[in-house]
Amino acid sequence: MEEFYSIGETARLNNVSIKSLRHYDEIGLLKPMYIDPETGYRYYAYRQFSFIDKIKRYKNVGLSLKDLKEVFQSQDLDRLEELLREQQKSLEEEARRLEEQRQDVQWLVDFLDYSRSMAVDNHLYIREQAPMTVLKVPCDGDDAMYTMDMELRRVASSPAFQNCQLLNPYGYLLDFDRLLENRLYPVASTVCVREGEGLAPSPYLFQVPGGRYLCCKAKIFSQGWDVSPLAHYCHSHQLRPAFVIANEYLSSLYDPSNSPYEIALPLPEGWTEDL
């Protein structure tokens with residue numbers, strides 16, 4: 001005679017909750033082999049334990065109880081394989097998304113660490129810059145900060161870019177000649193973006209090449225900011241870069257107008273001059 005196990009024993013022997021077994025019964029996925037008509041107690045047969053194993057196994061990899069009920073009732077192995085391949089694809093996509101999110105978090109951690117290390121002074125320094133892609137929106141240097149920011153936001157929210165990930169730092173491309181005169185004249189407003197699938201070539205995208213950059217720090221929207229050491233170095237070394245980028249770093253969560261900026265000029269390939 002086949003041996004029966006109470007719902008409590010079945011739950012303990014199969015490492016599953018009594019609540020789950022009752023739910024499986026309610027939805028028709030796994031019915032008890034026997035229900036005592038007087039007490040209403042549920043009893044399961046040993047041969048049902050392998051079925052419980054299968055439910056746990058497929059549920060643990062993400063298949064729904066609804067799909068499992070369909071497969072088990074139809075006994076369709078082809079459908080089971082189809083569901084597993086769909087779940088595999090879904091998990092691969094989720095892994096890709098999580099990796100992008102991890103990279104974004106690392107980017108922001110690095111950005112915050114670098115921001116906190118910044119001291120605004122007149123010192124020049126050369127540092128190695130990794131390549132990055134920025135969203136670049138042309139502007140007139142006489143525009144107000146608000147006007148430049150709103151135009152950048154308008155482009156960033158357009159269909160071409162609404163799904164791309166914007167990252168710090170924000171910044172500007174600056175007019176080099178006016179910079180040497182200690183005048184702030186942005187020719188484009190910028191924000192770093194993560195390159196990824198679906199980001200099509202666009203005149204609004206600008207590739208900031210990796211390499212060595214001549215840098216200084218200044219609060220470019222404050223009165224009395226000074227980049228004369230940078231101007232002197234460029235004059236004395238006949239340095240005329242292809243572009244100048246000023247990246248905003250974080251000093252306050254509430255007052256971006258007082259943020260420090262790193263002004264960076266790409267040095268020619270093979271540049272060996274030290275400071």
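**Salt bridges, ring pairs and a buried asparagine**

Arg79 and Glu82 sit three residues apart in helix α5 (residues 77-117), which puts about one helical turn between them. In this predicted model, their side chains meet in a salt bridge, with 3.2 Å from N to O. Glu82 has a relative accessibility of 40%, so it counts as partly exposed.

That pairing belongs to a longer list, as a search of the whole structure turns up 17 salt bridges. Helix α6 (residues 145-156) holds Arg153 and Asp149, four residues apart and again separated by about one helical turn. The side chains of Arg153 and Asp149 come together in a salt bridge at 2.7 Å, N to O. Asp149 is partly exposed, at 26% relative accessibility. Helix α6 also carries Glu151 and Arg154, which are three residues apart, or about one helical turn. Here too the side chains form a salt bridge, at 2.7 Å from N to O. Both partners are partly exposed: Glu151 has a relative accessibility of 29%, and Arg154 comes in at 47%. Elsewhere, salt bridges join up into a network made of Glu93, Arg96, Glu100, Asp104 and Arg194.

Now for the rings. The whole structure contains 13 aromatic pairs. One of them is formed by Tyr34 and Tyr43, a tilted pair with 6.1 Å between centres and 35° between the planes. Tyr34 is partly exposed, with a relative accessible area of 37%, and Tyr43 is partly exposed as well, at 24%. Tyr46 and Phe49 make an edge-to-face pair, 5.7 Å centre to centre and with 65° between the planes. The two members of this pair sit in contrasting settings: Tyr46 is exposed, with a relative accessible area of 57%, whereas Phe49 is buried, at 10%. Tyr34 and Tyr43 turn up again in a cluster, where ring pairs link them with Phe4.

A ring can also have a charge for company. The charged end of Arg178 sits over the ring of Tyr185, 3.8 Å from the ring's centre.

Last comes Asn247, found in strand β10 (residues 245-248). With a relative accessible area of 3%, Asn247 falls under the 20% cut-off and so counts as buried. Leaving aside residues up to four places away in sequence, Asn247 touches Met132, Pro169, Tyr170 and Gly171, along with Pro260, Tyr261 and Glu262.

Methods: Residues are numbered from 1 along each chain as its sequence is written. This is a predicted model: local features need pLDDT of at least 70, side-chain atom pairs count only at pLDDT 80 or more; totals for chains, interfaces and linings use all residues. Side-chain values use heavy atoms; hydrogens and water are left out. Helices (H or I, at least four residues) and strands (E, at least two) are DSSP runs, numbered from the N terminus. Buried means under 20% relative accessible area, exposed over 50%, partly exposed in between (1.4 Å probe, protein chains only). Contact means heavy atoms within 4.5 Å. A salt bridge is a side-chain nitrogen of Lys or Arg within 4 Å of a carboxyl oxygen of Asp or Glu. Rings of Phe, Tyr and Trp (its six-membered ring) pair if their centres lie within 6.5 Å; planes under 30 degrees apart count as stacked, over 60 as edge-to-face and the rest as tilted. A charge sits over a ring if NZ of Lys or CZ of Arg is within 6 Å of the ring centre and within 35 degrees of the ring normal.
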